[in-house]
Amino acid sequence: MTEARLTLDLDALAANHATLKARAGSAEIAPAVKADAYGLGAATVANRLWLEGARSFYVARLSEGVALRQALGDRDATIYVLDGATPGSGDTLEGAKLTPVLNSLPQIEAWNAQARSGRLKAALHLDTGMNRLGLRPEELKVLLGAFDRLKRLDLELVISHLACADLPDSPMSARQLERFEETTALLPGVRRSLANSAGLFLGEAYRFDQARPGISLYGGGPEGAPHPDIRAVATVEAPILQVRVVPRGESVGYGAGWTAPETTRVAILAAGYADGVLRSSHPNGQAWFDGARRRMLGRVSMDLIAIDITDCDAARPGAMVELFGPNLPIDEAASAAGTSAYELLTRIAPRARKAVLGGG
Ligand SMILES: *Cc1c(COP(=O)(O)O)cnc(C)c1O
């Protein structure tokens, strides 16, 4: 087999869940499993996290919520849909017992109207400065002045999202925290949720009643760099197809992107754009093989990349080379390609074979 391989380590996922839970104190951990659990497989991930005690999950799209409800079967999980009650989504949300995170006054009206035959659960998103989704403070005042817009809704939770949680020195998080405290004081008795993964590393003030970690469950450090408490969950490897010797002065790959300053042994790997290796991996990309980091040479191709294996005797066709995983942290692989662990994970292409370690 010459496909790249994505290995999902469910025991490492469970360990990260336990680490984040310890940081959350008495707050609930509600995993973000949107974008197919950041590319790792929402059904597999959510099923294991359910065994670890998770009872609430976040998805982005309506379709993700429907699929997750199906994957969880008759388990009594709360599934929050971050896109909220988008136009035309009402019957599907209600049918799959999904809880929309209402983002705007029209969404609140639509979901309240949907509840004509009984009460429906809802969460509310307040914007505290990110200007992405959620009610602005002045819109919250409008809502509070016309509370009957919520009269058929069981408002279970109010959330906001931090723009700079991964930058602990930024004053933005403290400002958002303050605004969240102020605005949620207008909704007494409603549970509150502010922190993503990085927010859980900002201190106890950010815990509230529920945290919504994603990336650090999946092995990304809270500040975009490896963290000693967070384990690798995803490993991407690709097999060597061929080992060759490139004489001094000859080049490797499209655009003759790298020229050998001296005779170099090169391994050609069965991985490329179509497996999620980013073009920007050139020129700083690395791989790990036989106990050491190896640099990528030349440009990425559709299906191939080259690495330097000079002074490495173990390289032979079929041997697997790690592109990120326990030996080459995903945050470092991402930095080398000028991107984030979020993007690397969600780019892994369907062509990669999937393997799962650990039960659940
Ligand atoms: C994606 C997302 C999260 C999870 O963020 P991470 O940085 O992956 O921990 C939490 N809350 C909201 C609203 C999100 O969109």
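The paragraphs below lead from the ligand and its surroundings to several points of backbone geometry in this predicted model.

The ligand is a convenient place to begin, and the space that it takes is the largest pocket. Around the ligand there are 13 residues, of which Lys-34, Tyr-38, Ser-197, Ile-215 and Tyr-342 come nearest. When the residues of this shell are sorted by character, they divide into 6 nonpolar, 4 polar and 3 charged.

Within that setting, individual atom pairs can be picked out, and both side chains and backbone take part in them. On the side-chain part, a polar atom of Ser-197 lies 2.6 Å from an oxygen atom of the ligand, while a polar side-chain atom of His-161 lies 3.4 Å from a nitrogen atom of the ligand. The backbone contributes through Ile-215, one of whose polar backbone atoms is 2.8 Å from an oxygen atom of the ligand. Taken on its own, the ligand has 390 Å² of accessible area, and the protein covers 94% of that area.

From the ligand shell, Tyr-38 leads on to helix α2, in which this residue lies. Helix α2 spans residues 34-38 and also holds Ala-35. How do the two residues stand with respect to phi? Most residues other than glycine have a negative phi. The phi of Ala-35, however, is positive, near 50°, and the phi of Tyr-38 is likewise positive, near 55°. Their accessibility can be set beside this: Tyr-38 counts as buried because its relative accessibility is 6%, which is under the 20% limit, whereas Ala-35, with a relative accessible area of 36%, falls between the limits of 20% and 50% and is therefore partly exposed.

A further point of backbone geometry is found at the bond that joins His-282 and Pro-283, which is a cis peptide bond with omega at about 10°. Most peptide bonds, by contrast, are trans. As for its place in the fold, Pro-283 is found in the loop between β13, residues 264-269, and β14, residues 286-289.

The last stop is Glu-332, whose place is in helix α9, made up of residues 330-336. Glu-332 is separated from Gly-285 by 47 residues in sequence, yet the C-alpha atoms of the two are 9.4 Å apart in space. Because its relative accessibility is 31%, a value between the 20% and 50% limits, Glu-332 counts as partly exposed.

How values were computed:
Residues numbered from 1 in each chain as written. Predicted model: local features only at pLDDT ≥ 70, side-chain atom pairs only at ≥ 80, totals over all residues. Heavy atoms only, no water. Near = heavy atom within 4 Å. Polar contact = N/O pair within 3.5 Å; in protein donor to acceptor, adjacent residues only side chain to side chain. Areas by Shrake-Rupley, 256 points an atom, 1.4 Å probe, with all protein chains shown as cover. 1 Å grid on protein atoms, 1.4 Å probe; cavity = no way out; pocket = protein on both sides within 12 Å on 5 of 7 lines; lining within 4 Å. Sits in = over half its atoms within 2 Å of the grid points. Nonpolar A, V, L, I, M, F, W, Y, C, P; charged D, E, K, R; others polar. Helix = DSSP H or I, 4+ residues; strand = E, 2+ residues; numbered from the N terminus. Buried < 20%, exposed > 50% of the residue type's maximum accessible area, 1.4 Å probe, protein only.
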